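Colleague: I am new to reading protein models. Could you take me through one, feature by feature?

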Amino acid sequence: MTGARTHRGLLIAGLAGTTGAGAISILLAWLALLGGAKAASGCAATDIVTPSSVSLAVLFQGAAQQSRLGDRGPAILAGIADVETHFGRDMSTSSAGAVGFMQFMPNTWATYGVDADGDGRKDPASPSDAIFSAARYLRASGAPADWPRAIFAYNHSSAYVQKVLDKAAHYAQELTATAPVAACRASAAELSVIPGISRVAGDGALAAIPGFPGEQVDERILPDVLALIATYHVAVTAGYATRGHAPDGEHRLGLAVDLVPGPHGTWDDVDRLAAWAEPEQDHPRPPFRWVGYNGDANHGRGNHLHLSWEHSPTEASQRSVRWVDVFDVAGG
Ligand SMILES: [Zn+2]
């Protein structure tokens, strides 16, 4: 998009013009300039995050939140952006062939690249796209449980890992996961305001559910599903499915599971999960859109518990949705 490219050009020119300043002062200048403008204009639930309208800090926080990278996520993303390109000041292709704002190898970008600024392209030169993609890659590489391993995956050098962690320590004060700007968390377009619930954008790729051969769900709800399996000892009898379920329901989107007692579980466990997910009939707890259990035809104790996750509006022909709400799994 011409507009987006123009803004990005200005933005990078602005950074490049700050000669002699340390990276921290550049970041703080960003916060003052763009964060200030942001505060003045408010933070509407419909804000679309683009490089021209938000600070890098918001991108680091939003990306860390979306990929559930924990408290250290924003500062470590900033550390990587600093070490790799000095926040976009040097985006030349590396000797190894890495490209863009966060210096992705093309193969890695092909797998993890996302269109976070909503311009219809996955562009490694876009700060939004690059930062959100980096967060996704770090999560897939072991963060936040094992940050050194995840950073090493990014660049196979122990010296690099230490450099990023040192930089991150500098940024930790400004970039906590809970700073006020985090309220303007980046996502496709919308914001979940419910504590403990994250609204996750993405392309809705299907992921296999480990331990349940043949069963898949949208990768965005997989951490939730795994947490429920571990906590309530349930087994998945259906996830993504194009037939055999309500045609307008969430199975065809990969955003529903049918659950029965697992090897170490009983119907009492399923009862407990059902009561947690739907404390009152037809009033499910977020992020669930619909819970089918006792009181719903073909569902209930002795049959199965159905859980559907809340998601963006969709059309009958669509396979994946723009965003889905998930609960925050303890431990990242
Ligand atoms: Zn179902």
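Modeller: We will go from the whole chain down to single residues. Keep in mind that this is a predicted model.

Colleague: Start with the overall make-up. How many helices and strands are in the chain?

Modeller: Count the elements before looking at details. The chain holds ten helices and eight strands.

Colleague: What share of the residues is buried?

Modeller: Burial is a count of neighbours: a residue is buried if 20 or more other C-beta atoms lie within 10 Å of its own. Of the 332 residues in the chain, 42% are buried. Contacts add to that picture. Take those between residues at least 6 apart in sequence: 61% of them join residues at least 24 apart.

Colleague: Now the sheet with β4 in it. In what order do the strands stand?

Modeller: Read a sheet from one edge to the other. Here four strands make an open sheet, ordered β4-β5-β7-β6, with antiparallel pairing.

Colleague: Why is one side of β4 and of β6 left without a neighbour in the sheet?

Modeller: Look at the partners. β4 (234-238) and β6 (288-292) are at the edges, and each has a single partner strand, so one side of each has no neighbour in the sheet. From one strand to the next, the twist averages 30 degrees.

Colleague: How many bridges link β6 and β7?

Modeller: Four bridges join β6 to β7 (residues 305-309), in the antiparallel sense. To find your place there, look for G292, which stands opposite H306 in β7.

Colleague: Which helix lies across these strands?

Modeller: That is α10 (residues 267-277), which lies across β4, β5, β6 and β7. Its direction is at about 145 degrees to β5 (256-261).

Colleague: What about β1? Which strand does β1 pair with?

Modeller: β1 pairs with β8 (residues 323-327), antiparallel, over five bridges. A201 stands opposite W323 in β8. Check burial too: four of the five residues of β1 (residues 197-201) are buried, so this strand is largely enclosed by the rest of the structure.

Colleague: Can a helix be read that way? Is α3 largely enclosed or exposed?

Modeller: Count its buried residues. In α3 (residues 56-66), eleven of the eleven are buried, so the helix is largely enclosed by the rest of the structure. Among them are L56, V58, L59 and F60, and also Q61, Q65 and Q66. After α3 comes R68, with a positive phi near 55 degrees.

Colleague: Why point out a positive phi?

Modeller: Most residues other than glycine have a negative phi. A positive one is therefore worth a look. D282 is not a glycine, yet its phi is about 65 degrees. N298, also not a glycine, has a positive phi of about 65 degrees.

Colleague: Where are D282 and N298 found?

Modeller: D282 sits in the loop between α10 and β6. N298 is in the loop between β6 and β7.

Colleague: Are D282 and N298 buried or exposed?

Modeller: Count neighbours again; 12 or fewer means exposed. D282 has 9 C-beta neighbours inside 10 Å, so D282 counts as exposed. N298 has 8, so N298 counts as exposed.

Colleague: One last feature. Which peptide bonds are cis?

Modeller: Most peptide bonds are trans. The bond from A143 to P144 is cis, with omega near 0 degrees. P144 is in the loop between α6 (127-140) and α7 (147-154). Another cis bond joins P286 and P287, where omega is about 10 degrees. P287 lies in the loop between α10 and β6.

Notes. Residues are numbered from 1 along each chain as its sequence is written. This is a predicted model: local features need pLDDT of at least 70, side-chain atom pairs count only at pLDDT 80 or more; totals for chains, interfaces and linings use all residues. Two strands pair if DSSP finds at least two bridges between them. Helices (H or I, at least four residues) and strands (E, at least two) are DSSP runs, numbered from the N terminus. Axes are lines fitted to C-alpha atoms, for helices over the stretch in contact, and angles run from 0 to 180 degrees between N-to-C directions. Two residues are in contact if their C-beta atoms, placed from the backbone, lie within 7 Å.
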